[in-house]
Amino acid sequence: MRRHLPRLGHPLFDRQHARLADDTRALIAALRRGAAGRCLLSRLIRDSRRHFASEERLMRQLAERYPEAEGHRALHRGLLEDMLRLRATLAGGGCLHHRHGQLLLEALAHHADAADRNLVAAWRRTQLPAPRRATHGLAERHRRPRPGL
Ligand SMILES: [Fe+2]
Ligand SMILES: [Fe+2]
């Protein structure tokens with residue numbers, strides 16, 4: 001049973017992966033206690049969106065030096081759809097088992113081990129500097145509170 005995502009040697013992605021593992025472990029612990037975990041699942045979704053936006057920004061910078069970008073983005077969409085489906089279950093009054101959280105952690109760790117590792121390898125072959133912090137994707141910009149609301 002996994003508890004962490006692998007370290008890949010990319011400072012920002014490693015930090016974000018550690019946070020996703022923290023989020024998921026907190027969700028699993030809450031579900032084990034019998035809590036619904038809705039807020040924790042929302043936090044995992046928010047942090048995942050932010051992290052995927054960071055990786056996809058690097059993919060755009062790498063362009064033809066990373067030809068797997070389309071498939072990698074599709075994997076991100078699939079992971080988010082899984083999380084959103086679980087949140088919809090909770091919103092509809094359903095319950096989650098801690099095993100659902102464990103499966104999310106396994107899927108994130110597997111993704112980091114394969115697709116993300118290849119992305120970091122492509123980045124290493126370039127002279128691109130490592131980003132120090134996340135830049136917000138479009139989805140995140142839309143989620144920020146707007147003045148007057
Ligand atoms: Fe990742
Ligand atoms: Fe990824």
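**Close-up 1. Surroundings of Leu 27 in the predicted model.** In this predicted model, Leu 27 makes contacts beyond its immediate stretch of sequence with Gly 37, Leu 40, Leu 41, Leu 44 and Gly 101, residues up to four places away being left out of the list. Leu 27 is also one of the buried residues of H1, and together with Leu 41, Leu 44 and Leu 108 it touches the most other members of the largest nonpolar core, which has 16 residues. At least two residues of this core come from each of the helices H1 (11-33), H2 (38-62), H3 (69-91) and H4 (98-124), and H4 gives the most, with 5 residues.

**Close-up 2. Helix H1 and its buried residues.** Helix H1 comprises 23 residues and extends 33 Å between its first and last C-alpha atoms, which is close to the 33 Å expected at 1.5 Å a residue. Its buried residues are Phe 13, Gln 16, His 17, Leu 20, Asp 23, Thr 24, Leu 27, Ile 28 and Leu 31, and these pack against H2 and H4. As a general matter, an α-helix has 3.6 residues a turn, so residues three or four places apart point the same way. Just after H1, Gly 34 adopts a positive phi of about 95°.

**Close-up 3. Packing of H2 against H3.** The axes of H2 and H3 lie 10 Å apart, and the two helices pack at an angle of about 170°; they are therefore roughly antiparallel to each other. On the H2 side the contact is formed by Arg 38, Leu 41, Ser 42, Leu 44, Ile 45, Ser 48, Arg 49, Phe 52, Glu 56 and Met 59, which meet Ala 69, His 72, Arg 73, His 76, Leu 79, Leu 80, Met 83, Leu 84, Leu 86, Arg 87 and Leu 90 in H3. Sorted by class, this contact of H2 with H3 holds 12 nonpolar, 4 polar and 5 charged residues.

**Close-up 4. Packing of H3 against H4.** The axes of H3 and H4 come within 11 Å and cross at roughly 170°, which makes H3 roughly antiparallel to H4. From H3, the residues His 72, Leu 75, Leu 79, Asp 82, Met 83 and Leu 86 meet His 100, Leu 104, Ala 107, Leu 108, His 111, Ala 115 and Leu 119 of H4. By class, the contact of H3 with H4 has 9 nonpolar, 3 polar and 1 charged residues. Among the H3 residues listed here, His 72, Leu 79, Met 83 and Leu 86 also take part in the contact with H2.

**Close-up 5. Ala 63 and Cys 95 in the loops.** Ala 63 sits in the loop between H2 and H3 and has a positive phi of about 50°, although it is not a glycine. Ala 63 counts as exposed because 9 C-beta neighbours are found inside 10 Å, the cut-off for exposure being 12 or fewer. Cys 95 belongs to the loop between H3 and H4 and is likewise exposed, with 11 other C-beta atoms within 10 Å. The C-alpha atoms of Cys 95 and Gly 34 are separated by 9.0 Å, although these residues are 61 residues apart along the chain.

**Close-up 6. The chain as a whole, for orientation.** The chain contains 5 helices and 0 strands, and its elements follow one another from the N terminus as α-α-α-α-α. Of its 149 residues, 22% are buried. Among contacts with a separation of 6 or more, 79% are between residues 24 or more positions apart.

How values were computed: Residues numbered from 1 in each chain as written. Chains lettered and ligands numbered in written order. Predicted model: local features only at pLDDT ≥ 70, side-chain atom pairs only at ≥ 80, totals over all residues. Helix = DSSP H or I, 4+ residues; strand = E, 2+ residues; numbered from the N terminus. Buried ≥ 20, exposed ≤ 12 C-beta atoms within 10 Å, placed from the backbone. Contact = placed C-beta atoms within 7 Å. Core = buried A, V, L, I, M, F, W, Y, C linked by C-beta atoms within 7 Å. Axes fitted to C-alpha atoms, helices over the stretch in contact; angles between N-to-C directions. Parallel < 35°, antiparallel > 145°, perpendicular 65-115°, else oblique. Nonpolar A, V, L, I, M, F, W, Y, C, P; charged D, E, K, R; others polar. Expected span 1.5 Å × (residues − 1).
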